[in-house]
Amino acid sequence: MSSDSPGPAGPPRWQRLLDAGRRGDRVRHVEQLPARPGAREPWPSWADPDVVAALERGTGGLPWRHQVLAADAVHAGRSTVLSAGTASGKSLAFQLPVLTALRATALASPNGKGATALYLSPTKALAADQDSRLRALGLDAPITSTYDGDTPPEVRRWIREHAALVLTNVDMLHRSVLPGHEHWASFLRRLRFVVVDELHTYRGVFGSHAAAVLRRLRRLAARYGADPVVVLASATVADPATTARRLTGLDVHAVTDDSSARPAVSVALWEPPTRPATGAGGPVGRAERRTATAEAADLLGDLVLEGVRTLAFVRSRTGAESVAAGARRRLSDVDPDLAGRVVAYRGGYLPEDRRALEEGLRSGRVVGMATTNALELGVDVAGLDAVLVAGWPGTRASFWQQVGRAGRRGAPALGVFVARDDPLDTYLVHHPEALFGAGVEATVLDPDNAYVLAPHLAAAAQELPLTEADLELFGPVAPDVVELLVRRGMLRRRPNGWYWTRRDRAVDLTDLRGAGGSVRVVEDVTGRILGTVQAGSADASVHEGAVHVHQGRTYLVDRLDLEESVAVVHREPDPGYTTHARSDSDVRVLAVDRTRTAGPVAVSCGVVEVTSRVTGFLRRTVGTGTVLGEQPLDLPERRLRTRAVWWTVDPAVAEAVLGDATRLPGALHAAEHASIGMLPLLATCDRWDLGGLSTALHPDTALPTVFVHDAVPGGAGFADRAHERFARWTTATRDAVRACACEDGCPACVQSPKCGNGNEPLDKAGALALLDVLVTAVRAHPGPPGDPAAPVVA
């Protein structure tokens with residue numbers, strides 16, 4: 001029996017967290033998701049009996065109806081997307097037809113080499129987990145193997161020659177498989193299935209890159225005589241058929257009726273208490289909310305103490321380390337053995353460390369784990385009783401994916417959303433209908449993004465010369481992009497197609513994740529590589545003098561070498577402070593695509609160039625946040641060409657509502673922060689996918705202006721979504737600022753955790769006045785039909 005199953009002792013052990021008592025006043029809402037019995041169907045008659053017997057051991061009987069419907073469609077040769085809840089058995093839906101076909105074709109082949117399949121995962125952890133589950137079936141065939149950046153060269157050769165089912169990711173397709181397709185010729189010639197798991201993660205610029213990679217794969221497969229069926233799966237995606245079609249370029253059959261059984265889940269919205277601040281953020285005694293990470297650490301410790309197996313999702317790597325350390329401290333005074341069973345898990349760990357932590361969670365040796373979204377996806381962590389979500393994860397899709405990790409043993413489960421002091425978090429805990437009464441966001445994915453498509457067309461030309469027929473596969477903008485590449489001397493037109501002209505690898509022109517590579521974090525004394533950080537964030541996270549936390553240990557950065565992509569650190573057990581980067585930025589308008597005028601307000605979107613530079617960092621005491629000092633840094637300027645939405649306001653109108661022109665910079669700055677915080681309600685983005693700038697007089701508009709831009713090269717569609725839904729966006733932003741009880745502005749309304757200016761200047765009342773002007777103007781001059789000026793609850 002589960003440690004928190006209902007029994008003679010009464011309700012689940014986690015119930016006391018939600019009841020009135022010492023912390024009961026922190027629960028703003030509890031949503032009861034009822035249990036569901038599920039509906040079974042017989043195993044399909046076409047299925048391989050050995051595969052059925054192996055899968056049956058995991059199902060305990062017959063499959064769910066949605067599994068059979070999807071498997072039947074795949075077996076019939078239809079590209080199919082299955083959208084069903086977390087833990088609904090989506091893997092079985094593609095394992096059954098794929099394993100059946102691979103075994104049957106191998107048996108019928110004279111040399112024993114039958115059809116092949118690719119399984120594409122967004123993370124290494126998920127691919128490794130899927131491989132483990134396939135091996136656990138105990139089948140003698142097909143041969144399966146993971147193929148990722150950790151795979152040694154000699155093993156890669158063996159995989160190409162012998163594996164029938166290869167588990168990899170679009171990054172490896174892009175950098176290794178497709179450029180070296182001659183070595184994969186036998187595999188590609190027999191390619192019958194491509195499985196794309198966790199469809200909802202292929203969004204924004206990464207999704208656009210993935211769409212191009214899949215088109216390159218389909219093109220090469222066709223040249224070798226293959227036309228694979230594409231199978232897609234996701235627990236949480238809006239309009240799965242459309243999303244799948246945009247990603248793959250194929251017409252895709254959708255199965256969306258989830259018929260699996262589900263345990264009852266209680267989802268609590270939790271707001272940390274206020275406490276008086278003693279630091280530089282304001283006068284002594286001013287109320288601040290306790291951080292979500294500190295609150296989650298206490299909750300994790302309490303749940304582990306009760307024997308409740310718990311996973312805590314935290315937004316950042318540093319946060320995950322902090323939550324795990326806080327929970328261990330809380331437990332060490334009560335049960336030191338339990339303290340040792342709480343760990344952190346995040347990206348940047350070495351492969352062997354990740355595998356050991358995953359196995360500890362599966363086996364039950366680990367009772368509590370604080371993780372980034374590295375464990376959000378379909379890694380099998382059956383047996384969890386509770387999930388904590390510390391800070392809004394960016395989208396409803398991610399939220400339900402994380403909460404869905406709980407309740408896998410059938411017993412009542414608990415999900416807790418712990419709000420940060422942030423506009424969107426605060427809005428959601430006080431407006432539960434915006435979370436529970438709404439579907440997931442529309443997945444923003446643009447396969448026709450010319451900025452993204454250009455390097456992939458170059459890569460495709462290097463793989464095999466591009467032809468006129470190929471361009472249709474890559475979409476309507478492909479001919480123009482190819483001509484641009486010709487003008488730049490990267491492609492040359494010949495009678496039979498376009499050829500790559502350079503000696504270097506075309507795939508090196510782009511990074512699918514938009515991270516620009518990684519920076520190694522190296523310990524000075526031992527030379528040991530502790531982990532990695534994304535190159536794009538290295539300036540702000542591992543600059544000289546930065547505090548870096550790894551597996552609960554604290555280090556100080558001695559040197560950051562961007563040319564060598566290495567940060568050298570030394571152990572510093574208790575520095576007593578944290579570090580926070582400060583930066584300067586500027587935005588230049590390169591092209592205006594669309595402009596709407598609404599009285600004194602104009603709203604535009606287009607292409608911009610953002611320049612930014614980390615100029616220094618603050619040292620803040622742990623706990624109070626008191627500023628100990630600021631140190632300058634000499635780091636290079638970074639340039640980003642991307643897309644933005646921006647609005648301007650008539651300065652005379654702004655001055656009239658503010659009463660004093662000197663208030664304008666603070667009012668615009670506060671409105672910018674609040675707007676960025678609320679945009680994730682409308683698109684599958686998170687505030688860290690965005691950037692912004694506000695100014696009382698911008699040289700390109702000659703007016704007071706607020707910019708919100710995508711934080712990735714070429715744009716990801718978020719700013720364009722904001723332009724399309726401007727009335728909804730500004731109304732929700734205005735309502736969130738108005739509802740906040742603070743007087744002068746706080747993290748729950750107009751302060752930003754990523755502000756490079758230290759949240760100065762900010763004028764909350766002025767922002768509210770300007771937002772009122774925006775809302776009134778757009779209501780008087782309606783925009784597109786899909787943009788009603790109403791609060792966002794869907």
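V343 stands opposite M369, a residue of strand β14. This is a predicted model, and I will start from that pair. V343 sits in strand β13, which covers residues 342-345. Strand β14 covers residues 368-371, and β13 pairs with it in the parallel sense, over four bridges. Look at the side chains of β13. V342 and A344 point one way, V343 and Y345 point the other way, and all of them are buried.

Now the protein as a whole. The chain has 794 residues, and 57% of them count as buried. Its secondary structure comes to 25 helices and 29 strands. Among contacts with a separation of 6 or more, 73% are between residues 24 or more positions apart. The accessible surface is about 31,100 Å², and carbon and sulfur atoms hold 51% of that.

Next, helix α14, residues 396-403. Is this helix enclosed or open? Seven of its eight residues are buried, so the helix is largely enclosed by the rest of the structure. The buried ones are R396, A397, S398, F399, Q401, Q402 and V403. And what covers them? The cover includes four strands that you can find on the model: β9 at 265-270, β12 at 310-314, β15 at 386-390 and β16 at 413-418. Helix α16, at 433-436, is also part of the cover.

On to charged pairs. The count of salt bridges comes to 36. I will show three of them.

The first slide has D470 and R223, whose closest N and O atoms are 2.8 Å apart. D470 lies in helix α18 and R223 in helix α8, so the pair links parts of the chain 247 residues apart. D470 is buried, at 8% relative accessible area, while R223 is partly exposed, at 40%.

The next slide has D763 and R663, a salt bridge with 2.7 Å between the closest N and O atoms. Both residues are in loops: D763 between α24 and α25, R663 between α21 and α22, with 100 residues separating the two. D763 is buried at 15%, and R663 is partly exposed at 27%.

The last slide has E637 and R639, which meet at 3.2 Å, N to O. E637 is partly exposed, with a relative accessible area of 46%. R639 has 56%, and because exposed means over 50%, R639 counts as exposed.

There is also a network of salt bridges, linking R26, R290, E295, D298, D302 and R330.

Finally, cysteines. How many disulfides does a search of the whole structure find? Zero. Two cysteines to look at are C740, buried at 13%, and C749, buried at 1%.

Technical notes:
Residues are numbered from 1 along each chain as its sequence is written. This is a predicted model: local features need pLDDT of at least 70, side-chain atom pairs count only at pLDDT 80 or more; totals for chains, interfaces and linings use all residues. Side-chain values use heavy atoms; hydrogens and water are left out. Buried means under 20% relative accessible area, exposed over 50%, partly exposed in between (1.4 Å probe, protein chains only). Two strands pair if DSSP finds at least two bridges between them. A disulfide is a pair of cysteine sulfur atoms within 2.5 Å. Contact means heavy atoms within 4.5 Å. Accessible areas come from the Shrake-Rupley method with a 1.4 Å probe; for residues, only the protein chains shown count as cover. A salt bridge is a side-chain nitrogen of Lys or Arg within 4 Å of a carboxyl oxygen of Asp or Glu.
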